[in-house]
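Please read the following report alongside the sequence and the coordinates. It takes up the overall make-up of the protein, the surroundings of the ligand, a pair of packed helices and two backbone angles.

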Amino acid sequence: MSDPFQQGLAEALPALRALKGDRGKAGASRTCLEALQLAKPRKPIRAIASAVSPASFKTLTPLREAALVCTKCPHLVASRKGVVFGAGNPSADLMFVGEAPGADEDEQGEPFVGPAGQLLTKIILAMGFTRDDIYISNVLKCRPDMTVGMTGNRKPTADEVEACLPWLERQIDLIRPKAIVALGATAVEGLMGLTEPMGNLRGRWLDFHEIPVMVTYHPSYLLHNQSISEKRKVWEDMLLVLERLGRPISAKQKSFFTVASK
Ligand code: SF4
C-alpha cells in the first residue's frame, strides 16, 4: 500500500470502529479522517495500541480500552468487526474461558452469545449464577478469519493465541477469580499449553497462575453431541466447581441433570 493516506486509513479504521462503536460499517469519509488528523491527538492511536504492554495496566477498564484497539494480528484486524474482550463481573469468583469469538460474538462484541453461548448461559443459571455474576472471556479476542465463501469457525492458530494471550493473562490477574473453567481443548492449550485429548483432561483440576482451573467440554461440543452421558459429565464438572467455590449445592442441583434429562 504505497499511498500514505490509504495506509493511514487502513490503520485507523479498526481503531475508529472500536472507539466509536461503529461495528461493521466500513465507510469513513476522507473529510472525516482529515478532520481527525487536524485534531492532532496527543499520540497516534496505533502507537498507543502497539506500545503498551498488557501487564502494565492496573485495572480492567483501561486494559479493555487498549485491547479494543489492538492491531497485533493484521489479518484478524482486517476481517473483524470488533475485539471481543470479555464480559461480566470484574470481581467475579468464577471465570469461564473459551476459544475465540464466532460470527455472533464478532457482531455483538460479547463472548458466548450464539447457540453455544445460550447453552453456556443455561449451565451458568443452573449453577445458581447469572452472567452478571461471573466473567466470560476467550483465549483469542478477535474472530479467526475465514476463507472467502467459507462459513463456520476455525480454530485459532498457535501464533494467534500466543499473540493474544497477554491480554487474557492480565485479565485473569486483575479479576483474580477463585476458579476458572476452561471450555474445550483450545482453551486448555492456550492457557496451559496442554495438548492431551479432552477425554484425559476433562474433570481435572489444573492450575493457572495459582488459580484452580477445571477443564470441561466446550458447549459447542454438547450441541453436536447430544448424548446424556456427555451432558452429565459437564454438569458433574460444574458441581465440582461449586464445591470448590464453597457454594451450597441443593438437592435439586445434585439431581438436576438426571431430572432435567428425563
Ligand atoms: S487476536 Fe488478540 S492480539 Fe490479535 S489483534 Fe486481536 S486482540 Fe490483538
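The sections below describe a predicted model.

## Overall make-up

The protein contains 13 helices and six strands, and 37% of its 262 residues count as buried. Among the contacts in the protein with a separation of 6 or more, 71% are made by residues that lie 24 or more positions apart.

## Surroundings of the ligand

The ligand is surrounded by 15 residues, of which Cys70, Lys72, Cys73, Cys142 and Cys164 are the closest. Sorted by class, this shell consists of 11 nonpolar residues, one polar residue and three charged residues.

Two helices, helix 5 (74-79) and helix 8 (158-175), are each the source of at least two residues of the shell. The most is given by helix 8, which supplies four residues to the shell around the ligand.

## Packing of helix 4 against helix 8

Two packed helices are described by the angle between their axes and the distance between the axes. For helix 4 (residues 60-68) and helix 8, the angle is about 165 degrees and the axes are 10 Å apart. Because angles over 145 degrees count as roughly antiparallel, helix 4 is roughly antiparallel to helix 8. The crossing of helix 4 and helix 8 is left-handed.

On the side of helix 4, the contact involves Leu60, Leu63 and Ala67, and these meet Trp167, Arg170, Gln171, Leu174 and Ile175 in helix 8. By class, the contact of helix 4 with helix 8 comprises six nonpolar residues, one polar residue and one charged residue.

## Two residues with positive phi

Most residues other than glycine have a negative phi. Phe112, in the loop between helix 6 (103-108) and helix 7 (115-126), has a positive phi near 50 degrees although this residue is not a glycine. Is Phe112 buried or exposed? Phe112 has 28 other C-beta atoms within 10 Å, and since 20 or more suffice for the assignment, this residue is buried.

Arg176 is likewise not a glycine and has a positive phi, here of about 45 degrees; the place of Arg176 is in the loop between helix 8 and strand 4 (179-183). With 13 C-beta neighbours inside 10 Å, Arg176 counts as partly exposed, because a residue is exposed at 12 or fewer such neighbours and buried at 20 or more.

Notes:
Residues are numbered from 1 along each chain as its sequence is written. This is a predicted model: local features need pLDDT of at least 70, side-chain atom pairs count only at pLDDT 80 or more; totals for chains, interfaces and linings use all residues. A residue is near a molecule or strand if its C-beta atom, placed from the backbone, lies within 6 Å of it. Ala, Val, Leu, Ile, Met, Phe, Trp, Tyr, Cys and Pro count as nonpolar, Asp, Glu, Lys and Arg as charged, and the others, Gly among them, as polar. Axes are lines fitted to C-alpha atoms, for helices over the stretch in contact, and angles run from 0 to 180 degrees between N-to-C directions. Angles under 35 degrees count as roughly parallel, over 145 as roughly antiparallel, 65 to 115 as roughly perpendicular and the rest as oblique. A crossing is left-handed if the near helix is turned anticlockwise from the far one by less than a right angle, and right-handed if clockwise. Two residues are in contact if their C-beta atoms, placed from the backbone, lie within 7 Å.
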